[in-house]
Amino acid sequence: MVTDAVVVSGTGLSKTYRRNAELVHALREVSLVLHPGELVALVGPSGSGKSTLLNVLCGWERADAGALTWGAALAGRQAEDLSWGELALIPQALGLLEDLTMGENVSLPGRLTGAPDRGGKAARELMTSVGIDHLADRYPKQASLGEQQRCCVSRALLLEPAIVLADEPTAHQDARWTEVIFTAFRRLVRSGSVCLIATHNPETWEYADRILSMHDGELREGAPAPVH
Ligand SMILES: Nc1ncnc2c1ncn2[C@@H]1O[C@H](COP(=O)(O)OP(=O)(O)OP(=O)(O)O)[C@@H](O)[C@H]1O
Ligand SMILES: [Mg+2]
C-alpha cells in the first residue's frame, strides 16, 4: 500500500556534462518524491536523463545543484553510504563482478552486509524464480545477456531493500521473464519498499502505481503524450 511517508525527495537536481565545447543538460532542476510501497516507472526517450537521475539518486554521480533528502529510517544519510539492504541498484550496464560466479554475485550483498545466511537459501530461491539456478557455478561471461541481467535483478532483491533503482531491468528479457521480474518488483513494493524503474517498454507500465517521464532533462508527472 502506498503511503504519504517519504523515502527520498529530490529538489532542483541539476546535472550538466561537458562534451568538449558542448554542454549537455542531463538533469534540469528535477524534483521528485518517492513513497514507501510504490512502483514508479521512469520513462522517456533515449538520452532524456533517466540513467543520470538514477545514478544521482544512488550516489554514483553527484548533482551540480539541488538537494536529496532521505526520509524515515534513512534520515540524515548520504546515498553513497546506504547498504545493499537499504538501497540496491540494477545498473543499465549490469555491473556483475566477472571474477565471481553467478551464484556468488547474487550472494554478495549478504556477505557485504554481514547477513551471509541470505546468500544460501534465499539466493538459490531467487535464482530458481528467474530460471538461472542451473548457472550458479558459471561466470557471467559464460551466460547469456538476459541470464546475466536476471542475476543482477536477483542480487538487487536478495536483501529486500527499502529502495530499488532499476535501469532498464528487462531490456534483455522476453515477455515471460519481463513478467516474472516485474511481478517480483510488485511483491517487494507490497512489503513497503519503493521501486523506481527506468523502462522503455510500455507494456511494463501496467505494473506501475505512477509514471514519471523525462524529456530533455526535465521530469514530469504522468506518461508522455502520444506521438502522432
Ligand atoms: N559521462 C557523460 N558525459 C557526457 N555526456 C553524458 C554522460 N553521460 C550521459 N551523458 C549525456 O546526458 C544525457 C542523458 O543521458 P542518460 O544516460 O541519462 O539518458 P537515458 O535517458 O538514460 O538514455 P537511454 O534510454 O539511452 O539509456 C544524454 O544526452 C547523454 O549523451
Ligand atoms: Mg539510460
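Helices here are DSSP runs of H or I at least four residues long, numbered from the N terminus, and K50 is found in one of them, helix α1. Keep in mind throughout that this is a predicted model.

**View 1. K50, a buried lysine in helix α1.**
K50 is tucked away as a buried residue, yet it has no salt bridge. The nearest side chain of opposite charge belongs to E168, and that one is 4.5 Å away. A salt bridge here calls for a side-chain nitrogen of Lys or Arg within 4 Å of a carboxyl oxygen of Asp or Glu, so the K50 pair doesn't make the cut. What does K50 touch, leaving aside its neighbours within four places in sequence? Its contacts are L42, V43, G44, P45, E168, A198, H200 and M214.

**View 2. The magnesium ion (ligand 2) and its protein donors.**
Two protein atoms reach the magnesium ion: OG of S51 and OE1 of Q92, lying 2.0 to 2.3 Å from it. S51 sits in helix α1 (residues 50-58), while Q92 belongs to the loop between β5 (87-90) and α2 (102-112), so this pair ties together parts that are 41 residues apart in sequence. Q92 is partly exposed, with a relative accessible area of 43%.

**View 3. Strand β6 and the strands it pairs with.**
Strand β6 (residues 163-167) is mostly covered, with 5 of its 5 residues buried. In a regular strand, side chains alternate between the two faces of the sheet. Here I163, L165 and D167 point one way, and V164 and A166 point the other way. β6 runs parallel to β5, joined to it by 4 bridges, and A88 stands opposite V164. β6 also runs parallel to strand β7 (residues 194-198), this time with 5 bridges, and D167 has A198 in β7 as its bridge partner. Add helix α5 (residues 175-190) to β6 and β7 and you get a right-handed β-α-β unit.

**View 4. A41 in strand β3.**
Is A41 buried or exposed? At 2% relative accessibility, A41 counts as buried. Strand β3 covers residues 39-43. Beyond its neighbours within four places in sequence, A41 is in contact with I197, T199, A208, R210, I211 and L212. A41 and E206 are 165 residues apart in sequence, but their C-alpha atoms are 9.4 Å apart in space.

**View 5. Helix α2 and its surroundings.**
Since 8 of the 11 residues of α2 are buried, this helix is largely enclosed by the rest of the structure. Among the buried ones are M102, V106, L108 and P109. The buried residues of α2 pack against α3 (121-129) and α4 (145-157). Just after α2 comes G114, with a positive phi of about 70 degrees.

**View 6. Positive phi at E160 and D216.**
Most residues other than glycine have a negative phi. E160 goes the other way, with phi near 45 degrees. You'll find E160 in the loop between α4 and β6, and at 51% relative accessibility it counts as exposed. D216 isn't a glycine either, and it has a positive phi of about 50 degrees. D216 lies in the loop between β8 (210-215) and β9 (218-221).

**View 7. The β1-β2 hairpin, with β4 alongside β1.**
Strands β1 (residues 8-19) and β2 (residues 22-34) pair in the antiparallel sense over 9 bridges. L13 has V30 in β2 as its bridge partner. The hairpin has 2 residues between its strands, and N20 in the turn takes a positive phi of about 55 degrees. β1 is also joined to strand β4 (residues 65-70), with 5 bridges and an antiparallel run; there, T11 stands opposite A67.

**View 8. Salt bridges, including R210 with E38.**
How many salt bridges does a search of the whole structure find? The total is 10. One of them joins R210 and E38 at 2.8 Å, N to O. That pair links distant parts of the chain, 172 residues apart: R210 is in strand β8 and E38 is in the loop between β2 and β3. Both R210 and E38 are buried. E80 and R62 form a salt bridge too, with their closest N and O atoms 2.8 Å apart. E80 lies in the loop between β4 and β5 and R62 in the loop between α1 and β4, so this pair ties together parts that are 18 residues apart in sequence. R62 is exposed, with a relative accessible area of 57%.

Methods
Residues are numbered from 1 along each chain as its sequence is written. Chains are lettered from A and ligands numbered from 1 in the order in which they are written. This is a predicted model: local features need pLDDT of at least 70, side-chain atom pairs count only at pLDDT 80 or more; totals for chains, interfaces and linings use all residues. Side-chain values use heavy atoms; hydrogens and water are left out. Donors are N, O and S atoms within 2.8 Å of the metal (3.2 Å for Na, K and Ca); water is not among the atoms, so sites may look incomplete. Buried means under 20% relative accessible area, exposed over 50%, partly exposed in between (1.4 Å probe, protein chains only). Two strands pair if DSSP finds at least two bridges between them. A crossover is right-handed if, with the strands pointing away from the viewer, the path from the first strand over the helix to the second runs clockwise. Lys and Arg count as positive and Asp and Glu as negative; His and the chain ends are not counted. Contact means heavy atoms within 4.5 Å.
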